[in-house]
Amino acid sequence: MDISRSMGLNYIVKANPVKNINAKYLCKICTKVLYNPIQTGCGERFCESCVKFTSSGKILCPVENVECISFYDKFADKEIQTLEFKCPFNENCNWSGKLIKLKEEHLNSCDYRTYICEKCGEEVLQKNLNEHGLNYCSHSFFTCQYCDEKVSVKDKKAHLCLKLPLTCSLDCGTTFLYEDIITHLNQCNILQNVCVYRLIGCKLPLTNSVEEHYKSDVISHNHLLMVFVQEMSVKQITLKNEVSKLSKENLELRQQLESVKKYDQEINDLKKTVQIQVDESASIFQALSLQVNDLKEANFMQTPVDEHNKKLNFIERSQEKLNESYNDLHLSQQILENTSYDGHLLWKISSYKQRSIAAMSGTIPALHSAPCYTSRFGYKYCLRLYLNGDGAGKGSYISLFFVLMKSDYDSLHKWPFQNKVTFRLRAKNSEYDIVESFTPDKNSSSFIKPVREMNIAAGVPLFAKKSDINENFILDDAIFIESKVHL
């Protein structure tokens with residue numbers, strides 16, 4: 001059950017109740033647990049954000065479809081806060097308790113709450129956050145204190161530092177760098193009087209001289225050498241496989257880089273072509289405008305008025321067609337410039353205040369991003385944004401949705417679409433970014449192979465509270481929304 005609004009949260013939280021919830025605590029419009037419950041004169045209860053208020057301050061009752069007086073049901077709100085729920089992360093966590101305790105205490109302290117790592121995008125349990133950053137994040141690095149090399153934390157154990165200081169294991173007291181180990185072995189005084197096979201495991205005592213020891217323990221030493229050679233052979237094969245794997249990955253990356261360069265060139269060529277067509281259309285449009293003005297100023301007495309009107313109508317129709325072509329070309333150029341081919345979109349919504357007013361008045365309730373692709377011939381999709389909210393978020397939230405679109409390459413893709421999607425509302429300071437993620441429901445019709453131009457939208461109706469969108473998010477009367485499809 002979605003309890004996000006009941007807890008006043010701007011991201012989705014689902015939890016199972018300990019006992020079945022009485023219907024009187026559920027909104028009859030959104031069917032979710034009541035949030036800021038409003039009770040009408042006829043006894044019905046609704047979420048404050050789900051009802052419409054008239055100019056007289058009353059509400060239009062969705063059940064009776066008449067104006068009703070209403071009041072904030074504080075008693076019902078208190079009862080709702082005492083409803084008991086299991087932890088939203090109850091697959092691993094056994095906590096259960098009152099809704100208000102879940103909101104104020106447990107939700108933010110639960111060890112099994114998942115976070116999205118800001119660096120690598122992986123989901124990480126709260127209890128593992130520090131360990132992830134120190135040892136497992138593929139985008140976190142540390143500088144080796146000995147060689148000053150920048151190393152990924154994932155490769156910390158595998159990092160072979162040539163400047164690492166070592167102390168001789170034969171107890172000669174000498175300290176040297178790892179890169180000088182062979183030189184030291186050739187010079188070590190103790191090694192002259194110690195079995196050299198000690199380095200690979202010889203533990204036999206020296207009862208006589210080193211030479212006598214070598215002669216008497218040949219079989220034991222040969223066995224140690226065979227074991228050592230076998231171990232080295234296995235390590236060599238492993239290293240060869242790793243090198244082969246890395247070479248293959250390097251080749252694939254080079255091929256992808258070449259493809260990206262090729263696509264960039266194609267896009268630049270298309271931009272140039274479109275710009276040439278736009279310039280030509282503008283020139284023709286300007287020439288036709290001059291002809292129309294000349295004809296209007298001409299002496300109409302020289303030819304019949306009907307003939308002049310026919311010519312003017314023909315020229316004006318031609319001008320309208322050229323104007324449409326010019327607008328289409330300009331739109332095509334804009335779409336081309338804003339399309340991405342790697343599943344990563346940064347969408348600028350300019351004139352934010354004006355668009356918000358248009359959304360609240362219902363003139364333009366929804367905005368769509370340019371079509372995007374997860375790869376050059378991958379899944380096609382766009383984002384749909386409701387600045388005045390949609391569904392459960394209408395009036396109080398910004399709602400953001402992911403929409404799969406029909407493309408020429410859908411037959412080559414795996415269906416239903418199952419890639420995780422992350423939304424981010426960018427702030428001046430990235431610490432305050434609003435981030436939401438969801439994993440597609442394979443049973444939802446939103447993620448099947450599109451049969452129409454667009455599938456049904458799916459996403460986050462309670463993406464961000466409108467009241468929270470302040471100067472930290474609005475930059476030069478624009479907001480920036482980022483989306484990422486995890487491939």
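**Exercise 1. Which residues of helix α8 (residues 352-361) are buried?**

Before we start, a word on the model: it is predicted, so local features need pLDDT of at least 70 and side-chain atom pairs count only at pLDDT 80 or more, while totals for chains, interfaces and linings use all residues. Residues are numbered from 1 along each chain as its sequence is written, and side-chain values use heavy atoms, with hydrogens and water left out.

*Solution.*

Step 1. Fix the terms. Helices (H or I, at least four residues) and strands (E, at least two) are DSSP runs, numbered from the N terminus. Buried means under 20% relative accessible area, exposed over 50%, and partly exposed in between (1.4 Å probe, protein chains only).

Step 2. Pick out the buried residues: Tyr352, Ser356, Ala358 and Ala359. They lie on the same side of α8, because they cover an arc of only 160 degrees around the axis. That arc is taken from the directions from the helix axis to the C-beta atoms.

Step 3. Turn to the face pointing away from this buried side, where you will find the exposed residues Lys353, Gln354, Ile357 and Ser361.

Step 4. See what covers the buried residues: β14 (344-349), β18 (397-405) and β22 (479-485) are included, with contact meaning heavy atoms within 4.5 Å.

Step 5. Look just past the helix, where Gly362 takes a positive phi of about 85 degrees.

**Exercise 2. Find what surrounds Arg384, and check it for a salt bridge.**

*Solution.*

Step 1. Locate the residue: Arg384 belongs to strand β17 (residues 380-386).

Step 2. Apply the salt-bridge rule, which asks for a side-chain nitrogen of Lys or Arg within 4 Å of a carboxyl oxygen of Asp or Glu. Arg384 is buried but has no such bridge, and Asp390, the nearest side chain of opposite charge, is 7.0 Å away. For charge, Lys and Arg count as positive and Asp and Glu as negative; His and the chain ends are not counted.

Step 3. Look for a polar partner. The side chains of Arg384 and His368 make a polar contact (2.9 Å). Such a contact is a pair of N or O atoms within 3.5 Å; within protein, one must be able to donate a hydrogen and the other to accept it, and residues adjacent in sequence count only if both atoms are side-chain atoms.

Step 4. List neighbours beyond four places in sequence: among them are Leu367, Phe401, Val403 and Met454.

**Exercise 3. Trace how salt bridges link parts of the chain.**

*Solution.*

Step 1. Begin with the count, which is 7 salt bridges.

Step 2. Take Lys28 and Glu44, whose side chains meet at 2.7 Å, N to O. Lys28 lies in the segment before β1 (37-40) and Glu44 in the loop between β1 and β2 (45-47), so the pair ties together parts 16 residues apart in sequence. Lys28 is exposed at 54% relative accessibility, whereas Glu44 is buried at 14%.

Step 3. Move to Arg426 and Glu482, with closest N and O atoms 2.9 Å apart. Arg426 sits in the loop between β19 and β20 (434-438) and Glu482 in strand β22, so this pair ties together parts 56 residues apart in sequence. Arg426 is partly exposed at 32%, and Glu482 is buried at 15%.

**Exercise 4. How many disulfides does a search of the whole structure find?**

*Solution.*

Step 1. Use the cut-off: a disulfide is a pair of cysteine sulfur atoms within 2.5 Å.

Step 2. The search finds 0 disulfides. For Cys137, the nearest cysteine sulfur is that of Cys117, 3.8 Å away.

Step 3. Check burial: Cys137 is buried at 1% relative accessibility.
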